[in-house]
Amino acid sequence: MSIRLFGILIVLLLLFLQVSCKKPTTEVTDTEKHGHEEHGERDDHAEEQRVQISPQEMEEFDVEVAEALPGKLHVYHSLPGEIVYDPDILVHIVPRVSGIVCEVRKKIGDTVLKDEVMAVIDSRELAAAKASYFAAIETVSLAEATYNREKKLRDKNISSEREYLNARTNLAEARIQLRTAKYQLVALGFSEKYVQGLKHDSTDQGHLEITTPRSDTIINKPIQRDEHVKDPKHDLSNLGHFEITAPFSGTIVKKHITLGEKTNDNNAVFTVADLSSVWVYLTVYQKDLDTVKVGQPVIIRAERNQDGTKSKIDFVSPVVEESTRTATARVVLDNSKGTWRPGSFVTGEIMLSEFEVKIAVPRTALQVVEDKNVIFVKTNDGFEPRQVTIGRKDKEQVEILDGLDRGERYISKGGFTLKSELERSSLEGGGHAH
């Protein structure tokens, strides 16, 4: 009886061991099967999240790809400012003589070249100065003739020493008057070459050479003997004409002169500025004086979201304005393209410090998908939106702490196009986006 019972127990034990050995095998198989199913679901989901875009579409929508690399972030401090003219190349033109405006050739906004005539005024003061100069020339000519005659007579003992000395004195006085008249014209802005030209014109004794401007046949009646010809060089109606010229090439930004009005030597008639370079005056408050230094990099922006222009602090005023309790920092900007307009308000972002990060991407690379920060990363099958963890940031770049490895290629600009394609594909319900 005991032997039979012992045998039954052995059989039951064997059956129990057989069932126990099969059960773990089944569980492992089910687990593996379940895992494969989950893996398959993730693969299908990843496939649905990928976006494909052709090189032509990337160029059309301005999509750019970059490599994930270390970078530098910068700490900026913003200051308000204003665009102003460069005072070194801004001039308020005041006529040297008073008179009546007889010609205006330029208006506001016109570009002028150096020494280009902008207006002409008729001045009695200038006419009188020229007349005095011409009279001085004639006086010197007569005094020289008298002196030469008296010198010859004295040498022959025909004339007295007193008459000779009087002629010599008169010549010296005439020359002094001529120099005075010449200096008056030079003081009015005329060059010595121009004045010498006036002297030459006045001593040609009225002879005028008439030439033809080109080879042609003369069909008019020849000039008769004793016929009067008006020489424009000696036209007395132009004796008082004074030309207002540009001191340098630039743009007319103000104009206070009209035809027929009277001008004087106290008021500016034109303001000319060279706008190829402008200044920025940044307002520096007392609390910021210790952080603003000459040579610091600065970004000037006309609007908050506009791409700025990089420059440097050129000058910081050594005094604080008593009324505003602020100092001024100066920045010089190249304006050869006419981008900056004097009088405009701007913002100056001064770089205070910089630090390196392991991965830095442009702000334009970040997109928000389902309330998560993502970056479109390049894969073999297109671009997939990958969630990233961001860290510190500045005006242009963002630190990536997790989700993007160094060397991976990603969409740095134009990611919104891929985001839109992804959302459209999701709404249509299936398939990967193209």
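Start with helix α4. It has 27 residues, and at 1.5 Å a residue it should span 39 Å. Its end C-alpha atoms are 39 Å apart, so the expected span and the model agree. Keep in mind that this model is predicted.

Which residues of α4 are buried? They are Y164, A167, L171, A174, L178, A181, K182 and L185. Just after the helix comes G189, which has a positive phi of about 105 degrees.

Stay with L185 for a moment. Leaving aside residues up to four places away in sequence, L185 touches L126, A129, K130, Y133, F190, V195 and L198. L185 also belongs to the largest nonpolar core, a set of 34 residues. Along with M118, Y133, I244 and F270, it is listed among the residues with the most contacts inside that core.

Where does this core come from? At least two residues each are supplied by β6 (117–122), α3 (124–155), α4 (161–187), α5 (192–202), β7 (241–245) and β10 (270–273). Helix α3 gives the largest share, with eight residues. Another core lies apart from this one. That second core has 18 residues, including V280, V292, V298 and I300.

Now turn to a sheet. Strands of a sheet pair through backbone hydrogen bonds, and the pairing can be parallel or antiparallel. Here, four strands form an open sheet in the order β3-β10-β8-β5, and the pairing is antiparallel. Which strands stand at the edges? They are β3 (90–93) and β5 (111–112). Each has a single partner strand, so one side of each is left without a neighbour in the sheet.

Look at the pairing of β3 with β10. These two strands run antiparallel and are joined over four bridges. Within this part of the sheet, H92 stands opposite T271 in β10. Strand β10 has a second role, too: it is one of the elements that supply at least two residues to the largest core.

Finally, step back to the whole protein. It holds six helices and 21 strands. Of its 434 residues, 31% are buried. How far apart in sequence are the residues that touch? Take the contacts with a separation of 6 or more: 73% of them join residues 24 or more positions apart. The protein exposes about 28900 Å² of surface, and carbon and sulfur atoms supply 52% of that area.

Conventions
Residues are numbered from 1 along each chain as its sequence is written. This is a predicted model: local features need pLDDT of at least 70, side-chain atom pairs count only at pLDDT 80 or more; totals for chains, interfaces and linings use all residues. Side-chain values use heavy atoms; hydrogens and water are left out. Buried means under 20% relative accessible area, exposed over 50%, partly exposed in between (1.4 Å probe, protein chains only). Contact means heavy atoms within 4.5 Å. Accessible areas come from the Shrake-Rupley method with a 1.4 Å probe; for residues, only the protein chains shown count as cover. A nonpolar core is a set of buried Ala, Val, Leu, Ile, Met, Phe, Trp, Tyr and Cys residues joined through side-chain atoms within 4.5 Å. Two strands pair if DSSP finds at least two bridges between them. The expected span of a helix is 1.5 Å times one less than its number of residues.
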